[in-house]
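I opened this model to work through its strands and a few residues. My notes follow in the order I looked things up.

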Amino acid sequence: EACFVLAGQVQVGIVGPNGASQTEILTSGDLAFVPVNWLHYVDNVGEEPAQVILFHDATTSIVIALSQVLSGFPPAVLAASYGMDPSALTELAGGDPPRIAGLPA
């Protein structure tokens, strides 16, 4: 995926399948590249509305553990995304992985 910033100031964070993570602050005209199978977020950190264009091209997928996501994403971003208390996210990161039901076979 590529993220091109049209206007404003955003923070882009990525979390890899190996647990590595990186964040950068981007402004108008900047481009971020998200490797295949890396999770990511885009957060408006400026005082004005931000505009970005996202380009996707994924042909394969792998499993990235919830603990990797929770350790690489800022708790405030996840808490805002899911309407949760940030301390609840900390508890999830340290415990056993939750069981998530999939679609029927």
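**Entry 1: whole chain**

I began with burial. Buried residues make up 24% of the 105 residues in the protein chain. I keep in mind that this is a predicted model. I then looked up the surface: the chain exposes about 7100 Å². Carbon and sulfur atoms supply 57% of that area.

Next I listed the elements. I found three helices and six strands. Read from the N terminus, the order is β-β-β-β-β-β-α-α-α. I also checked contacts with a separation of 6 or more. Residues 24 or more positions apart account for 62% of them.

**Entry 2: the sheet with β2**

Which strands make up the open sheet that includes β2? I read the order as β3-β2-β5, with antiparallel pairing. Strands β3 and β5 (39-44) stand at the edges. Each has a single partner strand, so one side of each is left without a neighbour in the sheet. Neighbouring strands here are turned by 15° against each other on average, direction ignored.

I looked up the bridges on both sides of β2. Seven bridges join β2 to β3. Six bridges join β2 to β5. V10 let me follow both pairings. Its bridge partner in β3 is L26, and its partner in β5 is N44.

I then went to the hairpin of β2 and β3. Five residues lie between the strands, and G19 takes a positive phi near 90° there.

**Entry 3: Q11**

I picked Q11, which sits in strand β2 (residues 9-15). Is Q11 buried or exposed? Its relative accessibility is 18%. The cut-off for buried is under 20%, so Q11 counts as buried.

What does Q11 touch, not counting residues up to four places away in sequence? I noted T23, E24, I25, Y41, V42, D43, V45 and P74. T23, E24 and I25 fall within β3, residues 21-27. Y41, V42 and D43 fall within β5, residues 39-44. One entry on the contact list also has a polar link: the side chains of Q11 and Y41 are joined by a polar contact of 3.2 Å.

**Entry 4: T23**

I crossed to T23, in strand β3 (residues 21-27). Its relative accessibility is 40%. Partly exposed runs between 20% and 50%, so T23 counts as partly exposed.

I listed its contacts, leaving aside neighbours within four places in sequence. They are Q11, V12, G13 and Y41. Y41 is thus a contact of T23 and of Q11.

I also checked one pair far apart in sequence. T23 and F73 are 50 residues apart along the chain. Their C-alpha atoms are separated by 9.2 Å.

**Entry 5: the sheet with β1**

How are the strands ordered in the open sheet that includes β1? I read β4-β1-β6, with antiparallel pairing. Strands β4 (31-33) and β6 (51-55) stand at the edges. Each has a single partner strand, so one side of each is left without a neighbour in the sheet. Neighbouring strands of this sheet are turned by 20° against each other on average, direction ignored.

I closed with the pairing of β1 and β4. Three bridges join strand β1 (residues 2-7) to β4, and the two run antiparallel. A2 stands opposite F33 in β4.

Terms used
Residues are numbered from 1 along each chain as its sequence is written. This is a predicted model: local features need pLDDT of at least 70, side-chain atom pairs count only at pLDDT 80 or more; totals for chains, interfaces and linings use all residues. Side-chain values use heavy atoms; hydrogens and water are left out. Helices (H or I, at least four residues) and strands (E, at least two) are DSSP runs, numbered from the N terminus. Buried means under 20% relative accessible area, exposed over 50%, partly exposed in between (1.4 Å probe, protein chains only). Contact means heavy atoms within 4.5 Å. Accessible areas come from the Shrake-Rupley method with a 1.4 Å probe; for residues, only the protein chains shown count as cover. A polar contact is a pair of N or O atoms within 3.5 Å; within protein, one must be able to donate a hydrogen and the other to accept it, and residues adjacent in sequence count only if both atoms are side-chain atoms. Two strands pair if DSSP finds at least two bridges between them. Axes are lines fitted to C-alpha atoms, for helices over the stretch in contact, and angles run from 0 to 180 degrees between N-to-C directions.
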